[in-house]
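Work through these exercises with the model open beside you. Try each task before you read its solution.

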Amino acid sequence: MFLQHLLLFLMIPLSSSSTTDTITNDQPLRDGELLLSKQSKFALGFFNPQNSTLHYVGVWYNTISEQTVVWVLNRDHPVNDTSGVLSIDTTSGNLLLHQGNTHVWSTNLSISSVNAISTVAQLLDTGNLVLMIQNDDKRVVWQGFDYPTDNLIPHMKMGLDRRTGFKWFITSWKSQTHPGSGTNSYGLNTSGSPQMFLYQGSQRLWRTGPWNGQRFSGVPALKYRFIFDTIFLNSQYEISILLTMVNESVIARMMLDPNGYFQLSTWHESQGKWFSFYTAPANMCDRYGRCGPNGNCDDRRAEFECTCLAGFEPKSPRDWFLKDGSAGCLRKEGAKVCGSREGFVKVERVMPPDTSAARVNMNISLEACREECLKDCSCSGYATANVSGSGGGCFSWHGDLMDTRVLPEGGQDLYVRVDAITLAEIQKRSKGFLAKKGMMAVLVVGAAVLMVLLVSTFLFLKKKMKGEEDTEKFNLMKVEWLPRPLSKLSDITGLNLSENQIMALPATISGLRALTKLDVHSNQLINLSDSIGKLVNLADQKSPCKQVKVTAGFFWEPDQPHQPRFELKPIHPFARKYWESNKLEKIECGYNRVMLVTVGAEIGFESVKSSS
C-alpha cells in the first residue's frame, strides 16, 4: 500500500495553470491543468502511472503531503498520450473526455438542447465531480460518486437504488500501478438482512455481518460514532450506507487494495502517512466459511480454530483432523429436533451466521422469536436483529448456519436448535459447573476475607510505625482488561503497573490531561492511544532501563521539532540523556515495549480523578 502511494506521488502533476473548480462549454480541462474544489480540499486532473504512457483523470486530496487518488473517471478507458481534454459538449451537454477527434469517455446522457448550453461540471469539496444544469436550479444530472472506484470516502454511498436497480460498490485496481477494474469488489448484499461482502470475482471472501442498529455486527472497528458516522438507510426507494465524519478535521477513507484487502485508514499529518487501523480479512476466521456450515470459528483456539456448533459433528472427520473445516458439520446421527422436547443452546459473543437467507421480523421480541422458531421444525437458530436501545427484532435461520465466528469484542448471542439429549447434556454440565463455581466462590471469599484482614493489619502497623497519612489504594495484579467507558477520565495518579500485563491505554480517554508516576517495571505496555491529544503531562516515568532505543517522533509537533508536546520530569539518567532529542515514539528497554499506535485497551490504576 505504501508503494502504491509513493508511485501516485510521482504520477500526479504538482502544479497547474488552472485554479477553477468548474468546467464549462468554453473552459475545458487539459492535461497538465487542475480543478481545485472551492476550499481546495480536493484536486482533479490527469495523471499517468509509473512506467506507463497511459493517462487517467483522477481526484485526490489536495491538503495532505502524500497525494492519494481516491477516484478515477476513465479507469477502463485511458488516454495514450498528453493530448487528453475533458470538456462539455455544447450540443449534447455531456461531459466528454477526448483525445484529438476521438471520444474516449462520455457521461452519455440525454439532455435537451435548451439545457445543454448551460451544463457545467464542478468539483465539490466532498471530492465529488458533478454535472449540473445551471438554468434548471443547478439540477445534478450525473455525479462521480455514483461510480466509485477503489475508495469509499465520506458522502459516498454503497447499496442499491430499488427504483432503477442501480448498485453502488467499489472495485480494486488491477494492480498498484494500473487503475483499471480489478477482480476484487466490495458492496452491499441486500438479500435477507443486508450485509457488506468482499468478493473475488463471484467468490465470497469476507463479510461484515448484518446491520445491528449501531454498526455491522462483525466489524467492531466501526463501532457507533467512532471516526465514521455510518448512516444506514432501508426504505422503499433505496437500501444503502453512507459515511460521514464524526470529526470533520479528520481525514479518513475505506479502500479495497488489488490484493483483496479491505482497509480503514486515517491520515496522520505529524507522521506524513496513512495509518491503517483495520484490515480484513486479517486472520483465518475472517475468511468466509472457514469452518463451513454449522461450524464456529474462534481464533483463540491454539490447535484448530474450528469447532462444531452444539448438536453437530464434523461432516468429514478426516478433513477435520487435517485442520480443514471447510466441509463443516452435520446434525448428529439420530438427533431428533422436531416435536421431541428439543430446545436451544446459547452461543455467546459471535457474529451471527450469514443472513443472506435469514428471515427477518423487526416487529417481535426475542422471546417471541424463540417461540416462532420452536414451532417451525425447519428453524435451526435465531438471534436478536437489533442490539441498539432496548433491542428487538428477530433473525431466524431455516437451514445451515454458515460462517459463524467468535468475536474478540462486540459479539452477540446466537440460539442454536438442539435435540433433547444434547440439551440435557449441556444443562447437566452447566449445573455441574455452577456447583463447582459456587464452591469455589465460597473458598475464594473466605481466602479474600483472610487476606484483607492480614493486609489491613500489615498496613495499619506500617502506617503507625512510619507515621504515614491514610491513603486508599487500588492495586490489581496481572490485569489485562478493564471496562472501556473512560471518556471522562482527566487524570491518572500514582499509576502502578508492576508485575501486570497491561497491553494498552484505552482509546476512549480523549479527555486525559495528566498521567503521573508511571511505573512500567516488568510490563509489556505496547500501545498508547492516538486519541490522547489533550495529554499535557507525562511525569515521573520510572523504568529500570540500562539501554533505551528511541525512534520516530509522536510526542513532537512537526512545526516545532525541538519542543516537546508533553512535559516529562526526567528523574533517571536515560530520561535526561534523551529528553533533548527531538524523537520519542518507541521506547524499548528490558522486558518493556512502548509503541505509539491506535489500539484501545484497558488499564489498572490506584486512583483517578474524573472531570466534571
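Two strands count as paired if DSSP finds at least two bridges between them. The model used here is predicted.

**Exercise 1. Find in which order the strands β3, β4, β5 and β6 lie in their sheet, and name the edge strands.**

Solution.
Step 1: Follow the pairing. The four strands form an open sheet in the order β3-β4-β5-β6, and the pairing is antiparallel.
Step 2: Look for strands that pair on one side only. These are β3 (34–36) and β6 (69–72), the edge strands.
Step 3: Check the turn between neighbours. On average, neighbouring strands of this sheet are turned by 25° against each other, direction ignored.
Step 4: Zoom in on one pair. Strand β5 (residues 56–61) joins β6 over three bridges, in the antiparallel sense. V59 has W71 in β6 as its bridge partner.

**Exercise 2. Decide how the rings of F166 and W168 are arranged: stacked or edge-to-face?**

Solution.
Step 1: Set the scene. The structure holds 22 aromatic pairs.
Step 2: Take the two numbers for this pair. The ring centres of F166 and W168 are 6.1 Å apart, and the planes stand at 70°.
Step 3: Apply the cut-off. Planes over 60 degrees apart count as edge-to-face. The pair F166 and W168 is therefore edge-to-face.
Step 4: Check the cover. F166 is partly exposed, at 28% relative accessible area. W168 is buried, at 6%.
Step 5: Widen the view. F166 and W168 belong to one aromatic cluster with W71, W105, W142 and Y147.

**Exercise 3. Do the same for W211 and F232: stacked or edge-to-face?**

Solution.
Step 1: Read the geometry. The centres are 5.1 Å apart and the planes meet at 15°, so W211 and F232 are stacked.
Step 2: Place the residues. W211 sits in the loop between β18 (203–210) and β19 (228–234), while F232 is in strand β19, so the pair ties together parts 21 residues apart in sequence.
Step 3: Compare with the burial cut-off, which is under 20%. W211 has 15% and is buried. F232 has 23% and is partly exposed.

**Exercise 4. Say whether S118 is buried or exposed, and what its side chain touches.**

Solution.
Step 1: Locate S118. This residue lies in the loop between α2 (113–116) and β10 (119–123).
Step 2: Judge the cover. Its relative accessibility is 11%, so S118 counts as buried.
Step 3: Find the partner. The side chains of S118 and N135 share a polar contact of 2.9 Å.
Step 4: List the contacts. Apart from neighbours within four places in sequence, S118 is in contact with M132, I133, Q134 and N135.

How values were computed. Residues are numbered from 1 along each chain as its sequence is written. This is a predicted model: local features need pLDDT of at least 70, side-chain atom pairs count only at pLDDT 80 or more; totals for chains, interfaces and linings use all residues. Side-chain values use heavy atoms; hydrogens and water are left out. Helices (H or I, at least four residues) and strands (E, at least two) are DSSP runs, numbered from the N terminus. Buried means under 20% relative accessible area, exposed over 50%, partly exposed in between (1.4 Å probe, protein chains only). A polar contact is a pair of N or O atoms within 3.5 Å; within protein, one must be able to donate a hydrogen and the other to accept it, and residues adjacent in sequence count only if both atoms are side-chain atoms. Contact means heavy atoms within 4.5 Å. Axes are lines fitted to C-alpha atoms, for helices over the stretch in contact, and angles run from 0 to 180 degrees between N-to-C directions. Rings of Phe, Tyr and Trp (its six-membered ring) pair if their centres lie within 6.5 Å; planes under 30 degrees apart count as stacked, over 60 as edge-to-face and the rest as tilted.
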